[in-house]
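Walk me through this structure, one step at a time. Begin with a single strand and its neighbours, then move on to the rest of the protein.

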Amino acid sequence: MKVSNGDDRESHKAGYHLELQEVRQSNIRDPVRVRIERQLLKADHLASSWSRTSMEEALGILQESLEEARSMNEVWLEVRISRSLGILHRRLGANEEAVECLTEAVDLAASAGHFIEQVWLLGHLARIYGDLGEIEKGRELANTCLSISERTQDDLARAVCNEAMAYVVSLIEPRDAVGFAKKALELWRSLADRRGESRVLTELGHNYSAISEEYLARESFTAGLNLEEILGNPEQLARALQGLAAHLSKLDEKDEALALFYRAREISSNIYAPRLSAAVLNGLGMLFLDGQEEEAAIEYFREALKAYSQVGDVQSQGSTLELNGWAQIRASQFQAAVDSFAQSLPFFQQLGDLRNQAIVLHFMGEAQFELGQVENAENSLNRALEVLEETGDHYSQFLALLALGVIHQQSDAYEIALEYLSKALQLCQASGYRQYEGQAQYRLATTLARLGRVEEALDHGRAALEIAETVRADLPGDFRTSYLASIHHFYNAYADLLIEGHMRNPKAGLDVQAFQVSERARARSLLDTLGREDVVVNRGVDTALLYQETDLRTRLNHLAEDRLGIPVDAPNEAEKIDDESARLSAEYTHLEALIRTRYPRYASLTSPAILGLDEVQEQLLDHETLLLEYQLGEVHSYLWQVSRNHHQLHLLPARKEIETLVMNLLESLKARETRPGETVRERRLRIREANRIYWQDAQELSEILLGKVVSRSIYKRLLIVSDGALHLLPFSALPIPGRRADDSPAPLILDHELVRIPSASILAALRTQPSNRSPSRKVLAVLADPVLQPDDPRLPGQFGRETPNGTARGGDRETDHGPDLGKFPRLPASSFEAEAIVRLLPEGSFLKATGFESSRAVATSEGLRDFKIIHFATHGILNQQHPGLSGVVLSMFAPDGTPVEGFLRLHDIYNLDLPAEMVVLSACESYLGKEYRGEGLVGLVQGFMYAGAKRIVASLWKVDDLATKELMVEFYRAMFAGKESPAAALRSAQMKMWESAEWDSPFYWASFIIQGDWVDGGILQ
């Protein structure tokens, strides 16, 4: 009787069966058979350790056993041993030896009629030939394998063959590989073989990810990983971790991806699996490349390349060299990039991979152009075009033509550039690549402008913007902001063209059109921006309608992606998708109209009406207010000076010059900030030097930014729309322009109130919001001096301890998962600040929430809606990479000492219903955020504005605790006792500080600015 657990192959159906056999007499060969079987068991045990030394020892044992099996003419044993030898050679990177062993085993299995074993062997061979770059040979063997399995009608054989075919095909066309992998998965599941199921799930994840089926990829990777956590095969577990990590990295879930990569690397470092180790290194390289850490990425790619070279993996060597070339371009190592691309090209030629050949040639051309090798660059791109003509890949052809046009444009060969760009545009329009057409239109516009053909250039510039905004409207919210940033230069280029036309013909009104383009570039949805941070800003909108809107946008986006993949010679398929898109677009338009009707606040903030210059003058400006709207450009910057009855356009220096001056000035201005490791003497010397040069530098910048308008201005109020580094500039600390060099400094606030707005159009949208403010509202709610540390004397058991001192209301700039409590010292002056402010008000008109009451629960309570002013005096958290993680820090403990959630994050703020007249963020860097081109700074100010606040007071840098207390008390005294508007009161408070001996430095008072509506609106009633 023979008992088997069915585990004599690498992976197939688990289970046991009993088989009765005739008992025969032993013979002289049986001891040899027993010895061989024992040797095979020992070799299997050694190989399962995944140690190189053990695997090499196992090879020696198997080789001896093979000789003995041959001497006895034991074919079945020869086949088994040869298969094991082939698999071990492949693991060790000896591909030629692996092919030799497996080919011999195939012939033996066929001659002996062991068809199932033949199928296994052919599957292994197909994979090896795929790795070696002999794709056709691999496909041929996989097809032979499939034919045999179909003849045998054996599900195990069919599972093996479909898995092998999926692997080989995925190296060239992952979309075609999906069908084979799904069939293999179905068969492994029917056989209850969980190892086979796990392998194929990971393979399917890679294929789905390659064809951008993101949800299916994640589902497959996760299922494969969950299985491997149970099965415990270290190599396959690491492969599953690496696959899911790479996919999450692609989806910008970097933190989770990094953790999975590190876990996979830890596993792979404990076993000998060079191909797996290389895949993990490549994944880490791509992750760091996405994070703009090019040097680290290049090192990872180099290490991966060594490992792939060790095992002779042709396809992966080519891909890794290609990735390394991209990283080197990003690191401005252009010659190294050309070398990497040149090395990768033969690998793809060997594979017959035309698509990657074209990509490599394309990027090689771009790197050569950066090196000034224009002729070489043109040759490389033309070679890429020749390859692409064989593939019929119209999109890549378009990119190559566009690159050739750009190269000639930047080489001042405008007529040649025009030819390439015109061809690119024609191809793009013929292929239906609407979202890419804008690039061609933009490049044509700038090229025609260089040729002096301004009218034609304006037509193309206008077309580029129309296309870009149409595409943007159809994108899911997650992608709108990043897309807007990527095409922001369209707006600048079109504005440049309009202004150039204005210079030629000042009476044509093109400067007015340029102003409106500037407004279009910046007056974009706050919702768009925070979509990137998973912030749900759906307050007040029926969830069913929002679900429908999201579903329709997603379906339309998928249809657009499907449409791109259809070749020109398949008009019927294209027509079907176009019809479905038209139907869904009509449905979407109807739904948006319904939402706009029912929820005007949601609609106006997600799609604000863009005002023309005359509408700005009539609807927003009074006779005391002058609007200064800046736009920084690469060649020229612009300033629109707009009053109630007049407008004028001024040319300013290029962005780089202005931003350099701004950053130098800020360096001097913030010299009083404490720096680690600095002695008292060093700090004093640094402050003295900064004071010496500050006003001189500030006067220069003031003359550039304001000299043409403010020195002659009679306006009480300056309304400022910033751009770029100007968002960081405290205009209040600039001197009045036009003064003599020997005059004493006179800051701009001596003559003007200063108010910031994100754009004129957004201000108009906020003014037209239906008011839900209660007429009988209380005046002020102040949250200050929260309990932040476990040793705070206000906590049980801590009474009598000395109060920790704090000097700056700062936060952790890079807080991603919650800052260390030790980074937030108590702010004792904030408590005095709160007490001094509420003394200015009658009892019953305010809420003073200090200590434990300065909590997240109070900040998010319904009761806060009853107050006109909300004042936060605490620490601020600034996260410029992920603005959704910015916030304010409130009490971290309950009165009984229990830790509580104390962070009010940006996503919390966006979902507040807080119709305040004003929010004051008496904290560090509370005005700052992440700058998105076309959106401005995204942070706490925008969050409170969406929550309903009409104006926000916030800071530009790390403010001093005591100085801030003095400034805030003066600010509220000017409002409540002096009956001044918020903008006027802030000016009065800053002038008071300026006039004092202790706080006269702009560092102490210029940080705070006011953004929003300057019209009182009842705050003082």
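**From one strand outward**

Start at I869. Its bridge partner in strand 14 is M918. Keep in mind that this is a predicted model. The pairing of these two residues belongs to a longer contact. Strand 10, residues 867–873, and strand 14 pair in the parallel sense, over 5 bridges.

Strand 14 has another partner as well. Strand 17, residues 951–955, runs parallel to strand 14 and is joined to it by 2 bridges. Here V919 of strand 14 stands opposite I952 of strand 17.

Now look at strand 14 itself. Strand 14 covers residues 918–922, and 5 of its 5 residues are buried. In a regular strand, side chains alternate between the two faces of the sheet. Strand 14 can be read with that in mind. M918, V920 and S922 point one way. V919 and L921 point the other way. Residues on both sides are buried.

Next, step back to the whole protein. The protein has 40 helices and 18 strands. Of its 1021 residues, 56% count as buried. How are the contacts spread along the chain? Among contacts between residues at least 6 apart in sequence, 68% join residues at least 24 apart.

R905 gives a local example of residues brought together. R905 sits in strand 13, residues 903–905. The C-alpha atoms of R905 and V888 are separated by 6.7 Å, while the two residues are 17 apart along the chain. Is R905 buried or exposed? Its relative accessibility is 10%, so R905 counts as buried, the cut-off being under 20%.

The inside of the protein also holds empty space. The count comes to 5 cavities of 30 Å³ or more. Take the second largest cavity, which has about 130 Å³ of space. Which residues come closest to its centre? They are S732, L754, Q990, F1008 and I1009, out of 16 residues that line this cavity. Three elements give two or more residues each to the lining: strand 7 (753–756), helix 39 (982–995) and strand 18 (1008–1012). By type, the lining of the second largest cavity divides into 11 nonpolar, 2 polar and 3 charged residues.

Finish with the cysteines. A disulfide is a covalent bond between the sulfur atoms of two cysteines. How many does the whole structure contain? A search finds 1 disulfide. This disulfide joins C145 to C161, with an S to S distance of 2.2 Å. The angle about the S-S bond is -80°, and the link of C145 and C161 is left-handed. C145 lies in helix 6, residues 135–152, and C161 in helix 7, residues 155–170, so the pair ties together parts that are 16 residues apart in sequence.

Where do these cysteines stand in terms of burial? C145 has a relative accessible area of 0%, so C145 is buried. C161 is at 0% relative accessibility and is therefore buried as well. Two further cysteines can be checked by the rule that buried means under 20% relative accessible area. C101 stands at 13% relative accessibility, so C101 counts as buried. C428 has a relative accessible area of 1%, and C428 is therefore buried.

Technical notes. Residues are numbered from 1 along each chain as its sequence is written. This is a predicted model: local features need pLDDT of at least 70, side-chain atom pairs count only at pLDDT 80 or more; totals for chains, interfaces and linings use all residues. Side-chain values use heavy atoms; hydrogens and water are left out. Buried means under 20% relative accessible area, exposed over 50%, partly exposed in between (1.4 Å probe, protein chains only). Helices (H or I, at least four residues) and strands (E, at least two) are DSSP runs, numbered from the N terminus. Two strands pair if DSSP finds at least two bridges between them. On a 1 Å grid over the protein atoms alone, a cavity is a set of points where a 1.4 Å probe fits but cannot get out, and a pocket is an open set with protein on both sides within 12 Å along at least five of seven lines; lining residues have an atom within 4 Å of a point. Grid points are joined across faces, edges and corners, and a volume is the space filled by probe spheres set on the points. Ala, Val, Leu, Ile, Met, Phe, Trp, Tyr, Cys and Pro count as nonpolar, Asp, Glu, Lys and Arg as charged, and the others, Gly among them, as polar. A disulfide is a pair of cysteine sulfur atoms within 2.5 Å. Contact means heavy atoms within 4.5 Å.
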